[in-house]
Amino acid sequence: MKYLIILFFLLIGRVLLHPVIINKSEHPAPAEIVSDNPAQIFNTFFKLYNLLDSIPKTRGGEVSVLDFGAKCDGITDDIIADSAACAYCIAHPVMCGTVIFPVGHSKISRTLKLQNNGRYFTIALKGMLSAKSSSDAYLSAIDYTAKSGSAITIQYGRSITISNLAISGKYIFPLSVNNYTIGTLSFAQWNDGSVSDSRYSPYAGITIDPDTNKSGTRGGTSDVTIDHCSIKYFMVGACLSPNGTTQNDEMINFLEDDIEACRVAIAICQDQSKSINIRGLKCWASTHTILDGVNYGQGLGGGSVFCENWNIAGNVNELFNITTTRFPLSCQDIYSESIFRIGNVGPMANFINTQIDFLSGPRMPAADYLLSGWANFEGGMLRYYDNSYTHRLNFSNLNVLFRDMTLNNPPIIVALYGFGINNYPSPKFENVNYYYSQKRDTLFKLPFLPSFKIDRSGWTASFGGSSGLQVGDYILAAPTSTSGHYSDRTLNPGLCATIQIGRISSISNGMVDLDDVGLNAYSGNNYDAVYVDRLK
């Protein structure tokens, strides 16, 4: 009996002084552990091994997933160990609040769910080093092997932090997108069927409030910080409130993150997500839309978003496709190169010191619109970065103020459908410098309707009839009542009042050749009228 008592106290001392390490190879997980409820995972896991409440507070309130049996070798499925570590911290906030992921690859086959059975909770997930630009050897990585759902979800949380984690999925379609296809692929074509993605259930790296609340209330998560993380190879990098019912998701901070190789980097799904701060965002790989508020959940997101100090330098179709009917978009110090367009910013957007170099080059189309919505630009530069004295931005039919900034050349601003009858908005310019040419914009109508031949393989065009035309002139067309639309009506269902046929590159033997052909230009002569826009 005496020896049994001594042995008992020795075992208790071992438990109190050291974290418990479970060897999963010696203890195969029973079916009960694969529950979707992390708290149940924790209880089942530790009751099974008679270890409930035995892990002490270690390392200043932090526990490692290694303490719970994770291997982080990129081969072993760590979902049970990772879930148990998170569930332990959620259930024991006095003991620990932070789960550490070491350098290595923690493979998970199912969603790592952060939740507390319908009650608020707080937790931090933390890798070892910043994942924003680190090489693979230094990453604390979570490799999500499923092709549906989300790698990490947060349901009904408060003051959640996810930092220094590299989260990757299985959506590799962006790797096939290049400079020549980033503008021509429609938003729908980015869903190649390789993963399961829908409006209310995105294939995402991180999803906040993916589900409705068990209590039936509409409140949601608030105060989440995603800091120095990398999120790649998902349809949506991070998604806020896609379930279509809950609100909140306020005070969400994306700080110094790298989100790329996704169809959408960040999706905000409803208009109660206020004070969304996206600072120091990096995107250097093919991505269709950086910030979307239309295609997921209720499709009402995008207002009260504050964007600052972005570096966007991959093949990106658009920066924004959002709704700002209730709250404005605020952007400052945004740098972007090789993007196809700014996108749709709704009726309220403000840009300060924005520097954008739009994508251009041989065998590439011109965007059928660079910007849609009402906006104010103050400071900065917008340009085609190709040293051309004739290459012009198309800002027709826009209610935009440009102030104290630089453009490469005087832009195209005329709206032609019903020209002289319809009243369209027109951009306003205050103290704007033109980098290449200070010539003035002039417009005249061709006395005939040319029949255009559009070559979409090389994005050139041609027509016969060269009288009075010059190299560098832009050929613009007024569409008919049925043809005045944009190429991808999912992105922009509005009226296109001016179709950019192209810029005259050469004239020979009565034939006119064009480059810089607009994405929605079409062959034939089914236009109401054709105009020449010339700088002189």
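Trainee: What percentage of the 536 residues in the chain do buried residues make up?

Mentor: This is a predicted model. A residue counts as buried under 20% relative accessible area. By that criterion, the buried share of the 536 residues in the chain is 57%.

Trainee: How many strands are there in the chain?

Mentor: The secondary structure comprises both helices and strands. Helices number 3, and the count of strands is 33.

Trainee: Which strand gives the most to the largest nonpolar core?

Mentor: The largest nonpolar core has 134 residues, and Phe 320 and Leu 329 have the most contacts inside it. The greatest contribution to this core, 11 residues, comes from residues 329–358, that is, from strand β23.

Trainee: How many residues has the other core, which lies apart from that one?

Mentor: Among the members of this other core are Ile 412, Val 414, Leu 416 and Tyr 474. Its number of residues is 8.

Trainee: Does Ser 483 count as buried or exposed, and at what relative accessibility?

Mentor: Ser 483 is placed in the loop between β30 (474–478) and β31 (499–508). The cut-off for buried is under 20% relative accessible area. Because its relative accessibility is 10%, Ser 483 counts as buried.

Trainee: Which side chain does a polar contact of 2.8 Å join to that of Ser 483?

Mentor: Leaving aside residues up to four places away in sequence, Ser 483 touches Ile 499, Tyr 522 and Asn 526. A polar contact of 2.9 Å links the side chains of Ser 483 and Thr 480. The polar contact of 2.8 Å joins the side chain of Ser 483 to that of Tyr 522.

Technical notes:
Residues numbered from 1 in each chain as written. Predicted model: local features only at pLDDT ≥ 70, side-chain atom pairs only at ≥ 80, totals over all residues. Heavy atoms only, no water. Core = buried A, V, L, I, M, F, W, Y, C linked by side-chain atoms within 4.5 Å. Buried < 20%, exposed > 50% of the residue type's maximum accessible area, 1.4 Å probe, protein only. Helix = DSSP H or I, 4+ residues; strand = E, 2+ residues; numbered from the N terminus. Polar contact = N/O pair within 3.5 Å; in protein donor to acceptor, adjacent residues only side chain to side chain. Contact = heavy atoms within 4.5 Å.
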